[in-house]
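Reader: I have a protein model open on my screen and would like to learn how to read it. Could we go through it together, feature by feature?

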Amino acid sequence: MDITQWIRSRAATGQPLNLHAVARERPDLLELAFAGPTPRGWRRSLMDAGVDPYKIVHEYEKDVQCAVCGISLAVIGTHLQICHDMTGEEYRREFGADRETSSESFRASHFGGRPIAGIAHWEQLWSRHYVIDWILRLHDEGHDLNFQNLVNVGRPLTAGGLLHFGSWDAALRAAGLNPDLLRHDPPGRQWTRQLVIDSLRDFAKLKKENRRRQMSISLDMAIRRYFPTRQAACLAAGLKYEEITLARFKDEAVVKLVAAIRALEGLKGRERRLKLDAIYYHDGNQQLVLDHYGSLQVLAAREGIAPRAVSRAMYRDEADVQHDLDVLEREGSSLTPDSLKNGALYRAITANGWGTERLTAKVRQPTLYPPCNPHSGQLRDRMILLRRRLRICTDAAAGKTGISRKTWANIENGQVKARETSVEKIERLLEEHQIHVSAAL
Ligand SMILES: [Zn+2]
């Protein structure tokens, strides 16, 4: 069956024909549509089959899978932080720059969809195929494909091109176009490798003298054309990368940051974690870490700092738990499950058995209700189980637990992370109705 026939049969039965659905159903046909020196693309393939790209049925996956552990959630940002101690940037560094941290349907529902060069979108998600389809369409309709021009009339397209192809030239080539014929360099300014190096040195000099802050887009694009990375271009020009990046990325800033993180080694529990966040998310420090080390873990390893100093887990070991119990005791709090308003501490105690002997009332039976990580999808499973057993809708379930309807729906859809108080309310209702949670949940 060829592409045209397949499209017609799908369209006739009302089945999805958007790029992401086709990539799942028939990746071979999709690749075929984008193969060769002059690809047809998917949009033109639809039109060849007599199907209007604006009228196709769209289908998106509701969950995205975590590349580390394989769990599926609508968004995995919080999961990455809680379960794998990594940020979205670190995740993409490890698993690829275009690795998604939210599901297709989540992204489709947040798709801006502003027209590009005055033309409306026919898909609701970016992908390498969609970038090519756009380039082909703009080219067909006589639009200017110069990068600088497109930045002004459709920045998401140029951003998508850079993300999926590394450079705008590569994106044009993937669409079967010759970038050299489309280029707009001013007369007499044909870039060469040597000219890029010279211009980069000029820029570094101007920057050092505080006469320029950012390089021109034209130079930036030329660097991408001749070098795999900016760092490689700096190396060729005999410059340090710091000389061409923003002024705040200075060696002394790194030294200061490392010292601040080293000071965390001696702290425990909540205090350490809050200070770590305060340092990491302060004034470009995150970028500094990513640029110089790649991740906090690498920083710690390279600077000889104990791994616990950079862990995002609030309670990494028993010492953390005991420390925070000490603090509460000093403050005169009674150590009962109810008084432990800090849910993370209570969870760490019940999940690991750390410091249980210090609690003055019995902890909840762990076998009947095994500790549930609210960010792992377990909580959502429990919420659905609860509704099914009680045969009630989300509104009624929300009412019974005392959570707002919107919050219930958002948690169950994986749109927001549940707060400790919500987790407790849901577990209390399960307990009330004697709904046993199997080990799998
Ligand atoms: Zn995971």
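Author: Gladly! Let's start with one residue and its surroundings: leaving aside residues up to four places away in sequence, Trp 42 touches Leu 19, Leu 30, Ala 33, His 129 and Asp 133. Keep in mind that this is a predicted model.

Reader: Which helix holds Trp 42?

Author: Trp 42 sits in helix H4, which covers residues 41–48.

Reader: And is Trp 42 buried or exposed?

Author: To judge that, count the C-beta atoms around a residue: 20 or more others within 10 Å make it buried. Trp 42 has 28 such neighbours inside 10 Å, so it counts as buried. You can also compare sequence with space: Trp 42 and Val 22 are 20 residues apart along the chain, and their C-alpha atoms are 9.7 Å apart.

Reader: Let me step back to the whole protein. How many helices and strands does it have?

Author: The protein has 25 helices and 2 strands. Its C-alpha atoms fill a box of roughly 80 × 65 × 30 Å along the principal axes. Of its 441 residues, 29% are buried. Among contacts with a separation of 6 or more, 62% join residues 24 or more positions apart.

Reader: How should I describe two helices that pack together?

Author: Two packed helices are described by the angle between their axes and the distance between the axes. Try helix H22 (residues 378–390) and helix H25 (residues 420–432): their axes come within 11 Å and cross at roughly 40°. H22 and H25 are therefore oblique to each other, and their crossing is left-handed.

Reader: Which residues make the contact between H22 and H25?

Author: From H22 come Leu 379, Arg 382, Met 383 and Leu 386, while H25 supplies Val 423, Ile 426, Leu 429 and Leu 430. Sorted by class, the contact of H22 with H25 has 7 nonpolar residues, no polar ones and 1 charged.

Reader: May I see another pair, say H8 and H10?

Author: Of course. The axes of H8 and H10 come within 9 Å and cross at roughly 130°. That angle makes H8 oblique to H10, and H8 passes H10 in a left-handed crossing. The contact involves Arg 128, Val 131 and Trp 134 of H8, together with Leu 157, Gly 160, Gly 161, His 164 and Phe 165 of H10. By class, the contact of H8 with H10 has 4 nonpolar, 3 polar and 1 charged residues.

Reader: Next, how do I tell which side of a helix is buried?

Author: Start from the geometry: an α-helix has 3.6 residues a turn, so residues three or four places apart point the same way. In helix H19 (residues 296–303), the buried residues are Leu 296, Leu 299 and Ala 300. They cover an arc of only 95° around the axis, which puts them on the same side of H19.

Reader: What does the chain do just after H19?

Author: There you meet Gly 304, which takes a positive phi of about 70°.

Reader: What is the general rule for phi?

Author: Most residues other than glycine have a negative phi. Two residues here are worth a look with that in mind. Asp 85 is not a glycine, yet its phi is positive, about 60°. Asp 85 lies in the loop between helix H5 (77–84) and helix H6 (88–95). With 17 C-beta neighbours inside 10 Å, Asp 85 counts as partly exposed.

Reader: And where is the other residue, Ala 117?

Author: Ala 117 is in the loop between helix H7 (104–109) and helix H8 (128–140). Its phi is near 50°, a positive value in a residue other than glycine. Ala 117 has 17 C-beta neighbours inside 10 Å and counts as partly exposed.

Reader: How far is Ala 117 from Val 153 in sequence and in space?

Author: Val 153 and Ala 117 are 36 residues apart in sequence, and their C-alpha atoms are 5.1 Å apart. Val 153 belongs to helix H9 (residues 147–153). Not counting residues up to four places away in sequence, Val 153 touches Ile 116 and Ala 117. With 16 other C-beta atoms within 10 Å, Val 153 is partly exposed.

Key: Residues are numbered from 1 along each chain as its sequence is written. This is a predicted model: local features need pLDDT of at least 70, side-chain atom pairs count only at pLDDT 80 or more; totals for chains, interfaces and linings use all residues. Helices (H or I, at least four residues) and strands (E, at least two) are DSSP runs, numbered from the N terminus. A residue is buried if 20 or more other C-beta atoms lie within 10 Å of its own, exposed if 12 or fewer, and partly exposed in between; C-beta atoms are placed from the backbone. Axes are lines fitted to C-alpha atoms, for helices over the stretch in contact, and angles run from 0 to 180 degrees between N-to-C directions. Angles under 35 degrees count as roughly parallel, over 145 as roughly antiparallel, 65 to 115 as roughly perpendicular and the rest as oblique. A crossing is left-handed if the near helix is turned anticlockwise from the far one by less than a right angle, and right-handed if clockwise. Two residues are in contact if their C-beta atoms, placed from the backbone, lie within 7 Å. Ala, Val, Leu, Ile, Met, Phe, Trp, Tyr, Cys and Pro count as nonpolar, Asp, Glu, Lys and Arg as charged, and the others, Gly among them, as polar. The arc is that of the directions from the helix axis to the C-beta atoms.
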